[in-house]
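Colleague: I am new to this structure and would be grateful for a close look at a single part of it. Please treat the pocket in some detail, with enough of the surroundings to place it.

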Amino acid sequence: MLGTMALRLAGFFLIVTCVVPVSQPGAPVAITPGSRVLMDAHNCYPYWGQWTDRIERALKTGTPLAIEQDLFWYTDPHTHKSQSFVTHGKPIHGNEPTMHDYFFERIRPLMEAALQESDHGGWPLVTLNLDFKSNEAAHHAALWKLLKQYEAWICSAERTADVRKVMPMTVRPLLVLTGEADSQERDFYDIVPLGERLLVFGAVRSEGKNPLSPAEVMVPEPANNYRRWWNSPWNAVERGGQRKAGPWTTQDEIRLQQLVTRAHELGLWIRFYTLDGLSDRDLGRNGWDKGYNFGSREKASLRWMAAIRAGVDFIATDQYEDVAALVRTQGAPGHSITPVSAMK
């Protein structure tokens, strides 16, 4: 039994060695899966011109944090010009914010200040989670062009011929993640020339699987050079997800821990979405999705605390302030939260 345990531990440390940024002396460990818990600001952009303060609310909670941005490729019916907008999807009017204006230029002071500091131990300060609502090749190309403008801010790794060869990551203050789609792997990995830098890292494939399958069935393979995280709905923990969640049980806690442990053993970050707790009658005024709502803050808090205990890397929520406060007080020690509200 001890021999088996030793072999498992050796395998785990081999995976971790692959994903920890060992290419630079004194590289930080914050980027290692399982090293910290972050609040992930779900749908952090305006809806229909409303709730325009979401990114400000998220940043005021302090760094490190994660921020989700949804992107849709819109073609103007009059000019036939296409452009990527930050939006949940149709209907689109063509006046929605762009990633350049709404996200990148807003975090510029934070990124530039971070690059001037000598302490990189908390990098990445911001993890950008891109949720493409349309996956046109032109859309991906436009996003790649935008990322290249900010490459000095962004975590990167060398593109290899064999995707199974996980290259060490050069750590910067911004980490960019994207989804499971094969078209994204094609446009953000396959067509990148060998030896050049990857700027976007995809999620492992889990869509279409029985969410209550054993953890090793859900994700059978370790992280590779492109796919380095696991984006999981909550129904993988509790049958039926948020709307059908009953009392939080020991069995639920064990299931959550199994999924998190599996992810970290495979060298993957893991994100669960989206954990909200509010009375249904109050959802509309906040622009939140009923499907992600446990129905009360008390019910959501039990899950937030369980996710923190389990070491979930990214806890997606619309209640930015509440979850960030819990992470600050209950999260892993040694990871300070730095307010950025003064950086405009």
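How much space lies in the largest pocket?

Modeller: The model is a predicted one, and its largest pocket holds about 740 Å³ of space. Its lining is made up of 42 residues. Nearest the centre of the pocket lie Glu68, Asp131, Lys133, Tyr273 and Tyr292. Four elements each give two or more residues to this lining: strand 2 (65-75), strand 4 (126-132), strand 9 (227-233) and strand 10 (269-273). Of the contributing elements, strand 9 gives the most, with 5 residues. By residue class, the lining divides into 15 nonpolar, 16 polar and 11 charged residues.

To place the pocket in its setting, the chain as a whole may be described. The chain contains 10 helices and 11 strands. Of its 344 residues, 54% are buried. The area that the chain exposes is about 15,600 Å², and carbon and sulfur atoms supply 54% of that area. When contacts between residues at least 6 apart in sequence are considered, 71% of them join residues at least 24 apart.

A last point concerns the cysteines. The structure holds 0 disulfides. Cys44 counts as buried because its relative accessibility is 0%, under the 20% limit that applies to buried residues. Cys155 likewise has 0% relative accessibility and therefore counts as buried.

Methods. Residues numbered from 1 in each chain as written. Predicted model: local features only at pLDDT ≥ 70, side-chain atom pairs only at ≥ 80, totals over all residues. Heavy atoms only, no water. Buried < 20%, exposed > 50% of the residue type's maximum accessible area, 1.4 Å probe, protein only. Contact = heavy atoms within 4.5 Å. Areas by Shrake-Rupley, 256 points an atom, 1.4 Å probe, with all protein chains shown as cover. 1 Å grid on protein atoms, 1.4 Å probe; cavity = no way out; pocket = protein on both sides within 12 Å on 5 of 7 lines; lining within 4 Å. Points joined across faces, edges and corners; volume = space filled by probe spheres on them. Nonpolar A, V, L, I, M, F, W, Y, C, P; charged D, E, K, R; others polar. Disulfide = S-S within 2.5 Å.
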